[in-house]
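Me: Got a minute to go through this one with me? I'll put it up and fire off questions as they come.

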Amino acid sequence: MVKVPEPYDVEAVRKEWVGRTGGKVPGRYPVEHDPIRRHCHMVDDTNPLFLDPEFAAKSRFAGVISPPVLTDYFAGQGAWPPSREAPNLMQQVPTRGDRMINLSQTLEYFAPVRIGDRLASETRIADVLEKAIRLDPKAVCIVMETHVTNQDG
C-alpha cells in the first residue's frame, strides 16, 4: 500500500487508477490431481468429481475437475518464492492506511478447471471509493476484477 498524507483526494486517485491492469500473468503451477486431492482431504470435501478419476471420467465433465476455490492457487504465483514478475496491483494504489482487508469476494465461473490446464490471470482496478467501516471510518475500498483463463483463452 502506498500511504499518502491527508487530505486524500479519492476522485483524483479514481481518475488515475480505475481501469489499470496488471497485465496477464501465467500461473506458477499447472492444474494437477495431487494438490486437488490433498486440498479435498484437508477440508473434508468428498466430491467424487474432484477425487475419483473413474467416476469423473463417466460424468459430463469427462475427467477430474478442480474445486472452484483452488482456481486462485492454480492461476496464482504461490506464496514462495515471491514473484518479481507479478507485483500486486492493489498495493500500488495510494490510500490513507497501511493495511488491506478483504471485505468480500464474488466468484463467477464459465467453465470447469481441468487437470492439465495452465491458468493465467489478469487483474484490473474496477473502482476506488471511500467507505466507512467499523474498524476505519475513512477506509478506502479498492474494487478489483480478476479474469482467469486457461491455455485456450
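Me: What's the relative accessibility of Glu145?
Reply: Glu145 comes out at 32%, so it counts as partly exposed. The cut-offs are under 20% relative accessible area for buried, over 50% for exposed and partly exposed in between, with a 1.4 Å probe and protein chains only. Keep in mind that this is a predicted model, where local features need pLDDT of at least 70, side-chain atom pairs count only at pLDDT 80 or more, and totals for chains, interfaces and linings use all residues. Numbering runs from 1 along each chain as its sequence is written, and side-chain values use heavy atoms, with hydrogens and water left out.

Me: OK. Which side chain does Glu145 meet in a salt bridge?
Reply: Arg124, at 3.4 Å from N to O. A salt bridge here is a side-chain nitrogen of Lys or Arg within 4 Å of a carboxyl oxygen of Asp or Glu. Glu145 sits in strand β5 and Arg124 in strand β4, so the pair ties together parts that are 21 residues apart in sequence. Strands (E, at least two residues) and helices (H or I, at least four) are DSSP runs numbered from the N terminus. Arg124 is partly exposed too, with a relative accessible area of 29%.

Me: And what's the bridge partner of Arg124 in β5?
Reply: Glu145 again. So those two are linked by the strand pairing and by a salt bridge.

Me: How many bridges hold β4 and β5 together?
Reply: There are 10, and the pairing of β4 with β5 (residues 140–149) is antiparallel. Two strands pair if DSSP finds at least two bridges between them. Another pair of partners is Ala120 and Thr149, the latter in β5.

Me: What's the strand order in the sheet?
Reply: β2-β4-β5, an open sheet of three strands with antiparallel pairing. β2 and β5 are the edge strands, each pairing on one side only. On the β2 side, residues 25–26 pair with β4 over two bridges, and Val25 stands opposite Ser121.

Me: Back to charges. How many salt bridges does the count come to?
Reply: Seven by that rule. One of them joins Arg96 and Glu130 at 2.3 Å, N to O. Arg96 lies in the loop between β3 and β4 while Glu130 is in β4, so this pair ties together parts that are 34 residues apart in sequence.

Me: Arg96: buried or exposed?
Reply: Arg96 is buried, at a relative accessible area of 15%, whereas its partner Glu130 is partly exposed at 40%.

Me: Where do Glu11 and Arg14 lie?
Reply: Both are in helix α1 (residues 10–17), three residues apart, about one turn of the helix. Their side chains meet in a salt bridge at 3.6 Å, N to O. Glu11 is partly exposed, with a relative accessible area of 49%, and Arg14 is partly exposed at 29%.

Me: Switching to α2. Which of its residues are buried?
Reply: In α2 (residues 33–43) they are Pro35, Ile36, His39 and Cys40. Down the helix axis they fall within an arc of 135°, so they line one face of α2. That arc is taken from the directions from the helix axis to the C-beta atoms.

Me: What do those buried residues pack against?
Reply: α3 (48–51) and α5, with contact meaning heavy atoms within 4.5 Å. The face of α2 turned away from the buried side carries the exposed residues His41 and Met42. Just after α2, Asp44 takes a positive phi of about 60°.

Me: Which residues form the nonpolar patch on the surface?
Reply: Ile101, Leu103 and Leu135, with about 340 Å² of accessible area together. Areas come from the Shrake-Rupley method with a 1.4 Å probe, and for residues only the protein chains shown count as cover. Patch members need over 30% relative accessible area and no salt bridge; like charges are joined within 9 Å, and nonpolar side chains (Val, Leu, Ile, Met, Phe, Trp, Tyr) within 5 Å. Leu103 is in the loop between β3 (94–95) and β4 (120–130).

Me: Last one: where does Asn88 lie?
Reply: In the loop between α5 (71–75) and β3. Asn88 is partly exposed, with a relative accessible area of 35%. Its C-alpha is 15 Å from that of Val18, and the two are 70 residues apart along the chain.
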